[in-house]
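Dear colleague,

Please find below the structure that I am handing over to you. My notes on it follow directly after.

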Amino acid sequence: MHEENIATGKAAVSLPDVLELSPIAHNSSAYTAAVALRHAILRAPLGLAFTAEQLAAEADAWHLGAFLDGRLVGCLLLKPLASGELQMRQVAVEQALQGQGIGRQLVSQAEAYARQHGYTTMRLHARENAVPFYQRLDYRLQGEPFTEIGISHWLMLKQL
């Protein structure tokens, strides 16, 4: 079923009752799909690509994927920080499925993982256009905007 989402003007896609959220192993085929999705949504529009070093540095991160009918449609990664906090990074959802709750479910699962592993604070660097999404999920702005990968970002935190 396709309807237009009044808030976004995008065609709404009916998602199954259960979106499969599952961990992704670094360097697996699902990881390769996640890197391709992250590239398409987050990097290519800025004319950027991942380096081998950047991808190798993700080996100690926890990767989470959202799957519909076995196809990766969203992902994120969590990176442990020396401060004992967890940093959420590279949240991406297929463009045609944005606004359908996939990102919200990914973030919720990431927060549950963080709590289960003793983390009390989640941090992220939100692009300016993503700030309202994270604010709806109770993340709070910290400090002033800064430039990262050539665009404006905000530090956002949430106590878990």
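To begin at the end of one helix: helix 3 is followed by Gly118, whose phi is positive, near 85 degrees. Please bear in mind throughout that this is a predicted model.

Helix 3 itself runs over residues 102-116. Its 15 residues should span 21 Å at 1.5 Å a residue, and the end C-alpha atoms are 21 Å apart, so expectation and model agree. The buried residues in helix 3 are Ile102, Gly103, Leu106, Val107, Ala110, Glu111, Tyr113 and Ala114.

Next, the aromatic rings. A search of the whole structure yields 3 aromatic pairs. One of them joins Trp62 and Tyr113 in a stacked arrangement, with 3.9 Å from centre to centre and 5 degrees between the planes. This pair links distant parts of the chain, since Trp62 belongs to strand 4 (residues 62-68) and Tyr113 to helix 3, 51 residues apart. Trp62 and Tyr113 are both buried.

Phe133 and Tyr134 form an edge-to-face pair, with centres 4.9 Å apart and planes at 75 degrees. How exposed or buried is each of Phe133 and Tyr134? Phe133 has a relative accessible area of 24%, which is not under 20%, and therefore counts as partly exposed. Tyr134, at 8%, falls under that cut-off and is therefore buried. Ring pairs also bring in Tyr139, so that Phe133, Tyr134 and Tyr139 are linked into a cluster.

Tyr134 and Tyr139 appear again in the nonpolar interior. The largest nonpolar core has 30 residues, and those with the most contacts inside it are Leu78, Met88, Tyr134 and Tyr139. At least two residues of this core come from each of strand 4, strand 5 (71-80), strand 6 (86-93), helix 3, strand 7 (121-127), helix 4 (131-136) and strand 9 (151-159). Helix 3 gives the most, with 6 residues. As general background, nonpolar side chains in soluble globular proteins tend to be buried together.

Which residues does Tyr134 contact, leaving aside its neighbours within four places in sequence? They are Val91, Val107, Leu124, Ala126, Tyr139 and Met156. A second, separate core of 13 residues is also present, and it includes Leu37, Leu42, Phe67 and Ala92.

In brief, the points I would draw to your attention are the stacked pair of Trp62 and Tyr113, the ring cluster of Phe133, Tyr134 and Tyr139, and the contribution of helix 3 to the largest nonpolar core.

With kind regards

How values were computed: Residues numbered from 1 in each chain as written. Predicted model: local features only at pLDDT ≥ 70, side-chain atom pairs only at ≥ 80, totals over all residues. Heavy atoms only, no water. Phe/Tyr/Trp six-rings, centres within 6.5 Å; stacked < 30°, edge-to-face > 60°. Helix = DSSP H or I, 4+ residues; strand = E, 2+ residues; numbered from the N terminus. Buried < 20%, exposed > 50% of the residue type's maximum accessible area, 1.4 Å probe, protein only. Core = buried A, V, L, I, M, F, W, Y, C linked by side-chain atoms within 4.5 Å. Contact = heavy atoms within 4.5 Å. Expected span 1.5 Å × (residues − 1).
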